[in-house]
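Please look through the structure shown here with attention to how its two sides meet and to the positions that a database record marks out.

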There are 4 protein chains.
Amino acid sequence: MNTFGQLFRVTTFGESHGPAIGCVIDGCPPGIAIAPEEFAHDLSRRATGKTRHTSARHEADEVEILSGVYQGFTTGTPIALLIRNTDQRSKDYANIAQQFRPGHADYTYWQKYGIRDPRGGGRSSARETTMRVASGVIAKKWLGERGVQVRGHLAQIGDVVPVAHDWSVVEDNPFFWPDAAQVTELEVYMDALRKSGDSVGAKIVVEADGVPPGWGEPIYGKLDGELAAAMMSINAVKGVEIGDGFASVAQKGTQHRDAIALDGFASNHAGGILGGISTGQTVRVAVAFKPTSSLRLPVASVDTDGNAIEVVTTGRHDPCVGIRATPICEAMLALVLIDQALRHRAQCGDVGPVQPRIV
Amino acid sequence: MNTFGQLFRVTTFGESHGPAIGCVIDGCPPGIAIAPEEFAHDLSRRATGKTRHTSARHEADEVEILSGVYQGFTTGTPIALLIRNTDQRSKDYANIAQQFRPGHADYTYWQKYGIRDPRGGGRSSARETTMRVASGVIAKKWLGERGVQVRGHLAQIGDVVPVAHDWSVVEDNPFFWPDAAQVTELEVYMDALRKSGDSVGAKIVVEADGVPPGWGEPIYGKLDGELAAAMMSINAVKGVEIGDGFASVAQKGTQHRDAIALDGFASNHAGGILGGISTGQTVRVAVAFKPTSSLRLPVASVDTDGNAIEVVTTGRHDPCVGIRATPICEAMLALVLIDQALRHRAQCGDVGPVQPRIV
Amino acid sequence: MNTFGQLFRVTTFGESHGPAIGCVIDGCPPGIAIAPEEFAHDLSRRATGKTRHTSARHEADEVEILSGVYQGFTTGTPIALLIRNTDQRSKDYANIAQQFRPGHADYTYWQKYGIRDPRGGGRSSARETTMRVASGVIAKKWLGERGVQVRGHLAQIGDVVPVAHDWSVVEDNPFFWPDAAQVTELEVYMDALRKSGDSVGAKIVVEADGVPPGWGEPIYGKLDGELAAAMMSINAVKGVEIGDGFASVAQKGTQHRDAIALDGFASNHAGGILGGISTGQTVRVAVAFKPTSSLRLPVASVDTDGNAIEVVTTGRHDPCVGIRATPICEAMLALVLIDQALRHRAQCGDVGPVQPRIV
Amino acid sequence: MNTFGQLFRVTTFGESHGPAIGCVIDGCPPGIAIAPEEFAHDLSRRATGKTRHTSARHEADEVEILSGVYQGFTTGTPIALLIRNTDQRSKDYANIAQQFRPGHADYTYWQKYGIRDPRGGGRSSARETTMRVASGVIAKKWLGERGVQVRGHLAQIGDVVPVAHDWSVVEDNPFFWPDAAQVTELEVYMDALRKSGDSVGAKIVVEADGVPPGWGEPIYGKLDGELAAAMMSINAVKGVEIGDGFASVAQKGTQHRDAIALDGFASNHAGGILGGISTGQTVRVAVAFKPTSSLRLPVASVDTDGNAIEVVTTGRHDPCVGIRATPICEAMLALVLIDQALRHRAQCGDVGPVQPRIV
């Protein structure tokens, strides 16, 4: 199950320290203009080694298009994308080949397969997410041509939450943070955290504007169900909310349900989805990331021979994996949306929504 | 997409007030002993009309096995289950055929399909979940024979959270509540709520003990990813957490990562899943339910002709839909687990876990 | 794998002598007008007991629509169809519960599942094909509204092949035979065959006119590939040809390739498909049916206890199963086409074919 | 739909004259020993440019393993294989970019996608089949460890059919021909054909020995159904037969059905499959290939501007595409078998066949 999507299908492959990572996008509509350099922007937003707040690993992340694009346009045949790994320091991992790092997939891969590639976490490394971002670029482009805009920001790091909310500053700081006034505070916080050798969790919010009503497939292919699966499939994610999410538990029905007026919904507690189908409002998803498990601070574990050991991670890691995850969450949102759009088109055709069009 | 699962596939059909609801279970292992009466227990736990705290609709929920079972054993061929609807009061819904009820799927189904069955919410009704529960019975039986136990309880209603936690009392009160001392308080709360005409949300926790390490498929078929999709596909669900969930955001890495000793993990912040694969610990999922949207209290909306209207719901409804949802969440957990078990068996065979087996 | 199709998905269930057979059609476009009586025509063409040339079993084949249709129109939600079995003479099969009938699925089901329902062949009975025909009715209706016509005829029984070819007589004789002058000869042939206790094979040709160019998905979802799977999944089928089929082996390239003129293709050796995609010409498929294996004439076999036995079939059977299979092949052709049409619409939209439109 | 298989899933990508072709194999069991050089043998059997009887294009076909193999063993994660294209003479195709070559997919791709890569047939080129062969190597290896042997031979070229049948000579002549005495005759035939500028069809037979009873999934995932789809998905295939195939049409039931004795089946008209499930006998499939459509001899057609033109193919092509297709058919047989084996293991476990084991 290394394939995501039903109709816009992205199959990823590759290990953190293998020769390359890549993906095959099948079912892509023909005629989308796409150039290799278009992948650079989002990959750069996701990349490590750009500020001191992320891992020092530096990968060029140059995308080679192997197929499916002819004279600058998608042809409808599978698009294969390839990125060669260049900055593998596999020797960093030599000493952990026999260790099970707590909080990592080492133990579970070992139990499942009886064999694992220990270099940099192998297949379980977040390096796989470059391909989510790369394929998300194509999805975003198709969606953008239809008026659908996808974007995201950090909504919590440790105990810090944004005070103000300004989309225009999100891309201007290393934390995808919507309140410029807090950036210095966050830098101080992260510097102290990095020096302590510890890590912290984060929450990300991603949104899609311009989604027409009608996307999403009841019952087991609901838009929110697929978003939950998409986000939970990202490394380190432990929770997903749609709209008001867990806050709904303490709400009254009169408070939660969104009244409808002739000019649109009066509120959006639902997060743009009712009955698994888009309402036409902003689709809003929140995602919880756990703190990085790879730390310089030692932790008790066992090795593959059944000995008690102490694990200290010396590789390069992010003190807060959530920081770089905004473009990944955006990509997953875009991939879910294009897939649902194609599925809607298949069953219901391209006919516009039935009147009255609210919102 | 009315099918759930990759290898243990449950396809459900039926509308709330149509002639019947049912399902087809395909890919079920042969040789499981199953009798019609075995469905009664869990269906009864999910049923309405049993206490004053749930909807007054009373359905017999008698399951007819149409195929796939011969002389009391599953044969490996598709198992069709059928429940005839008996207590449909469709006239309750005659006046809402042209209305879009806020918080419901009316508007989105209308936009998607251009046609909808308005009686009792039609396909979007939670009546569909009887079939999740029924198929979950078979999944639980197969899992039980392998030492896997699935169970759940309510963990929050409105602002009320359990003080004590005692599995043994959960089935003895109408709220699936793990603290017997709070049941009277909850009854008073729910009575007042019902009289006010309003509703409230709820949180459910479901757990699976005895899951061996190794179940779950990276990258896009992760155990947690599929659990998230499964739970989010249930009516009224707005959030899903694995293990510590959103609490992980404010945690430090030293706090979250579960140390490993020779006799097992020292803690279970992960909720029994690492890298999308089971660790052998208890799998723990929390699910947020929004408050019921169908209320006697009026709300502004529009109708299919584009007129502003006021909606008052006169049908029979639950003041807290989460109350009856525990067996549904259990069923979805069981369905995910049996599916992952079969997928694991396909790829990796039935060979036991590699040593050392921790936990 | 009791589901056929990717987007127009038909899941069938039921055993020959169980309480009922049925299906669930998921992904059906909304807004198709459909009434229970519309199934009768094709089901009657497939039914046994109508002439002396088919099995004497008489089933009413009354279709009940359980879901997915509201006020006479499909709603986009799953359509469940149910037919109760009424003429089961299970005692006919009591004596064969321990026997493996040569040419049947008895032995293989037993080996696969370790359990089987022996009554009338259980799940392996051709009774399952009623549901293919029923769901094909809906597919044909949708296709018909788009100018696509599906039809079929017998093209060989034993050594007899049609001399003339007249579509207008096919429905007027019990053999779906396109040459009225040969019908008496066939009746004599079949009468003699039935009296001898033996059976014979048959070849069916099905065609679709009006298929627009562009349906079919390279590489592994080719229109011809899916047609081959669809036809081969029918009971007793041993071969499938597209266009010239096996005759192509002895042809020269100059003879086989279809030249193209401004007013269309000059010939149709390809059978309307090139590169797995429809050309706009008639799609033509030929299907080989083996002779019925259930005979009054004894044959050597073994039983479940490992004893050598002699099998004589006393149930009611067709001397030539191919005779009734024309509507089944038509249904499978229609199901493949609607599925490919929806898949094409998903990826490429509903935009008409690119110019020049040949044919 | 560039993915083949349900559990052993092969996704291929690449165009004939693009930078590379490749595939991703997902769901592969862990622990299979595999080295890059193991692909060479079968790829060489499929390669062009080795005798004068195939196309002069010479591709090195060097396989690079990009992922999923660690220290010589498969890890259970996706295996990506890549072959760089080296001998593209795209200028050969410059003049046909606006032409629709009769018998090719040019016209249908154009109609479907509105855009196509004309160089060497682009995605519709048989060059894609290298990846079928490469992934088939892994499938064959896993099957071989379980006693399943896959092999094939040509069974007809034009009107020539083998007189003798000797497996041991098949690999010793350029025609995969089982009768050494006819090889000279075939060489003369093929030389004359090549000089004439024309082409001819071919029939291939592939077999699998050692398949245990029980593989195959009724109803729509039958072993024969999936074989039919697999073979029909190969370029230029127009027909598929299982066992006696179309010869069954003229057979009597007493002749076709295979009697069973205590020491096994008395014959194998069924081709090793009953009810869609393997019987334990040799699985036998015949495949019809049409004659190559690319000829030096001119043919009438139209161009993308709607002009009548004459097409003459000057690229390098096979006078009989069927000759090199034996390893491709073998690969597809192996891919179907491993997929069915894993599906069987998922549902029914690894327990051996139920007694009595016939054959």
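Which residue in strand 10 of chain B does Gly239(A) stand opposite? In this predicted model, the residue opposite Gly239(A) is Glu241(B). The wider setting is a pairing between strand 10 of chain A, residues 237–242, and strand 10 of chain B, also residues 237–242, which run in the antiparallel sense and are joined over three bridges.

Beyond these strands, the contact between the chains involves 94 residues of chain B and 94 residues of chain A. On the side of chain B that touches chain A, helix 2 (residues 106–113) gives the most, with seven residues, and the residues of that side divide into 43 nonpolar, 34 polar and 17 charged.

The unreviewed UniProt entry annotates a "binding site" in chain A, and among the residues covered are Arg123(A), Asn235(A), Lys290(A), Pro291(A), Ser293(A) and Arg316(A). Pro291(A) lies in the loop between strand 15 (283–289) and strand 16 (299–302) of chain A, and Ser293(A) is placed in the loop between strand 15 and strand 16 as well.

Pro291(A) is classed as buried because 30 other C-beta atoms lie within 10 Å, where 20 or more are required. Ser293(A) likewise counts as buried, since 24 C-beta neighbours are found inside 10 Å.

Leaving aside neighbours within four places in sequence, Pro291(A) is in contact with residues of chain A, including Ser199(A) and Val200(A), and with residues of chain B, including Ser248(B), Lys252(B) and His256(B). With the same sequence neighbours left aside, Ser293(A) is in contact with Arg101(A), Pro102(A), Gly103(A) and His104(A), as well as with Gly253(B) and Arg257(B).

Key:
Residues numbered from 1 in each chain as written. Chains lettered and ligands numbered in written order. Predicted model: local features only at pLDDT ≥ 70, side-chain atom pairs only at ≥ 80, totals over all residues. UniProt positions renumbered as here; feature names shortened; annotations may be inferred. Helix = DSSP H or I, 4+ residues; strand = E, 2+ residues; numbered from the N terminus. Buried ≥ 20, exposed ≤ 12 C-beta atoms within 10 Å, placed from the backbone. Contact = placed C-beta atoms within 7 Å. Nonpolar A, V, L, I, M, F, W, Y, C, P; charged D, E, K, R; others polar. Pairing = 2+ DSSP bridges.
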